[in-house]
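Visitor: Could you walk me through this one? I'd like to know what stands behind the labels.

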Amino acid sequence: MARLSAPRRALARLVTGRWGPDARFGARLAATVAATALVSVPFALALVLVESRWAPLWRLDQGAAQSLHAAALRHPAWVRVLRFLSDVVWDPVTMRLLVAALVVWLLVRGAVRLALWAAVTATAGGLLGLLVKIVVARARPHLPEPVSHAHGFSFPSGHAMTATTSCAVLLLVLLPLVPRRGRPPAWALAVVSVVGVGVTRVALGVHWVSDVVGGWLLGLAVVTATAVAFEAWRADVGRRRTTPAEGLEPEIRSEHPEPPAGAPDRP
């Protein structure tokens, strides 16, 4: 009977809602990620159906691919720059390593929940993007004299989605540490990275424009959903709501960025 006491207590807390703020944060985070997946997959499928049947978007995809491909054939040096940006600077591995380094730093700082948010956001984004690719199974562009090659399915762009989630995570975590006059350049760098990686993928002929847009939208959906869950935890521990302009957790500047586990915050 003693072995059943702990599960029974856990079940009672679940039924009565008497979880601590940390447990509620974890439950909300998991539920929000699951809800995002359920909402985003049908959205991605609908977007692909629109892309395949709606003539204006099909013409946009074809026109952009052909124009940029023609420009790439005329300027081989430009292609080398695009490959460096796409395969090194904005490569998903590079982006994920930056987020991983951020998570380690947050753990060292004692910001465990913020580290959890960053890790879950990056991981959920990667898994959701892969799931949608498999479900949609859209072929990549087939162009004459291709200047680059990529494996796997096309929609959504993994580069675009990873850049969106990674830049958002880095920005929302580190923004409180950036001086006010340095914040506009930080936002500009994030926007240039997200837009730039999309341009490189289309220019290299390995994605359609709609692939890139789909990656951006799914990335934003994941970040928004997990950020809302994090804000719910802040409310549970008595912290004020924040805005994207000030970062997800302004208290990261302090010596103790988060209250102890299970304890309410002290203003």
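**Helix 4 against helix 8**

Guide: Sure, and let's start with handedness: helix 4 and helix 8 make a left-handed crossing. Bear in mind that this is a predicted model.

Visitor: What makes helix 4 oblique to helix 8?

Guide: Their axes cross at roughly 130° and come within 9 Å. Oblique takes in the angles outside the other classes, and 130° lies between the 115 degrees that ends roughly perpendicular and the 145 that opens roughly antiparallel, so helix 4 is oblique to helix 8.

Visitor: Which residues of helix 4 and helix 8 meet?

Guide: From helix 4 come W78, L82, L85, S86 and D87, and from helix 8 come T200, R201 and A203. By character, that contact has four nonpolar residues, two polar and two charged.

Visitor: How do you know that helix 8 is close to its expected reach?

Guide: Helix 8 has 21 residues, and at 1.5 Å a residue 30 Å is expected; from first C-alpha to last, the helix reaches 30 Å. Just after helix 8, G205 has a positive phi of about 80°.

Visitor: What are the buried residues of helix 8 packed against?

Guide: Helix 3, helix 4, helix 7 and helix 9. Buried here means under 20% relative accessible area, and the helix 8 residues that qualify include A186, A190, V194, V197 and T200.

Visitor: And what makes the whole pattern α-α-α-α-α-α-α-α-α?

Guide: The protein has nine helices and zero strands, so each element in the pattern is an α. Across its 267 residues, 43% are buried.

Definitions and conventions:
Residues numbered from 1 in each chain as written. Predicted model: local features only at pLDDT ≥ 70, side-chain atom pairs only at ≥ 80, totals over all residues. Heavy atoms only, no water. Axes fitted to C-alpha atoms, helices over the stretch in contact; angles between N-to-C directions. Helix = DSSP H or I, 4+ residues; strand = E, 2+ residues; numbered from the N terminus. Parallel < 35°, antiparallel > 145°, perpendicular 65-115°, else oblique. Left-handed = near helix turned anticlockwise from the far one by under 90°. Contact = heavy atoms within 4.5 Å. Nonpolar A, V, L, I, M, F, W, Y, C, P; charged D, E, K, R; others polar. Expected span 1.5 Å × (residues − 1). Buried < 20%, exposed > 50% of the residue type's maximum accessible area, 1.4 Å probe, protein only.
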